[in-house]
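Consider how one strand of this model sits among its neighbours, and then how the nonpolar interior is arranged around it. The account below starts with the strand and works outward.

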Amino acid sequence: MSNEDITLTAGDAEAVVEAGNGGRVGALRVGGLDLLRRGERFGCFPMVPWCGRIRDGRFRDGAVVQHMPLNAPPHAIHGTARDGAWRVARRAADEAVLTYDLVDPWPYPGRVTQVVSLSGSALTLTTAVETYDDSFPAQIGWHPWFNREVGGEAVRLDFDPAWQEERGDDHLPTGNRVDPKPGPWDDCFGMPGGVDVTLTWPGRLELKVTSPEKWVVVYDEQEAAVCVEPQTGPPNGLNTHPRLVTPLEPLEATTTWRWRRL
């Protein structure tokens, strides 16, 4: 395990990777501007082996019902890897490779690998879940907390989803798809052509969050930050849209944040 923080640099960009704190990107600075909210729970953490909430902490794998701890009662939320220390497998000036072995309370053996790559104009996160033993359902996602204000300017969000997952009183999708509604949001949206969300801090910076995946959760109900979370399935997806990890077929996903100065 590693408790070290790794600082990546490229051009005028700097990212701090916190291996010992859930493998998260703890800070991202571009030209001296802090883009991520800092703090032990913030930055950007990988959501794995599931994203968002699991209803009542239960999911079915074949005939077996598995139970996860209710860390957001009455549900389980955001996976287990954010609570662990990751190993540093490789590091360079502009890239870090981290691994995390899935352990209890997750009931299946497996390994998560995350590659954090920085350039002068983009940060790319690539995550894979693999198993050498039992197959199991899983999800991958990322939970960045972008500062609502950067350089004194408040962020504007722009995206054009094909649908919004209707949200029930329990904060989980009902299974119905509805026309996108205005915010504030703690909602999942469908973008079948790939996630594409633009954050603009007027006069400062434009940042585009993209991913080949087709689901994104947008959360902007907090005063200090907004979250744009690409993921391989919707919340409660282990039950509704399971993606199977097998010894021959890992689950892989990637997201890129690309910026330009304004």
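In this predicted model, strand 25 is covered on both faces. On one side A225, C227, E229 and Q231 are buried, and on the other side V226, V228 and P230 are buried as well. Buried here stands for under 20% relative accessible area. Seven of the seven residues of strand 25, which spans residues 225-231, meet that description, so the strand is largely enclosed by the rest of the structure.

Which strands pair with strand 25? Strand 15, residues 141-147, pairs with strand 25 in the antiparallel sense, over four bridges. Within that pairing, W145 has C227 of strand 25 as its bridge partner. Strand 24, residues 215-219, is also antiparallel to strand 25, and five bridges link the two. Here V216 has P230 of strand 25 as its bridge partner. Strands 24 and 25 are joined by a hairpin through five residues.

The side chains can be followed next. In soluble globular proteins, nonpolar side chains tend to be buried together. The largest nonpolar core of this model has 63 residues, and F146, L199 and W257 are the members that touch the most others in it. Leaving aside residues up to four places away in sequence, F146 touches A225, A224, V226 and V228, together with L35, L36, L199, W201, L207, V209 and W257. There is also a second, separate core of eight residues, and its members include M47, C51, W145 and A225.

How values were computed:
Residues numbered from 1 in each chain as written. Predicted model: local features only at pLDDT ≥ 70, side-chain atom pairs only at ≥ 80, totals over all residues. Heavy atoms only, no water. Core = buried A, V, L, I, M, F, W, Y, C linked by side-chain atoms within 4.5 Å. Buried < 20%, exposed > 50% of the residue type's maximum accessible area, 1.4 Å probe, protein only. Contact = heavy atoms within 4.5 Å. Pairing = 2+ DSSP bridges.
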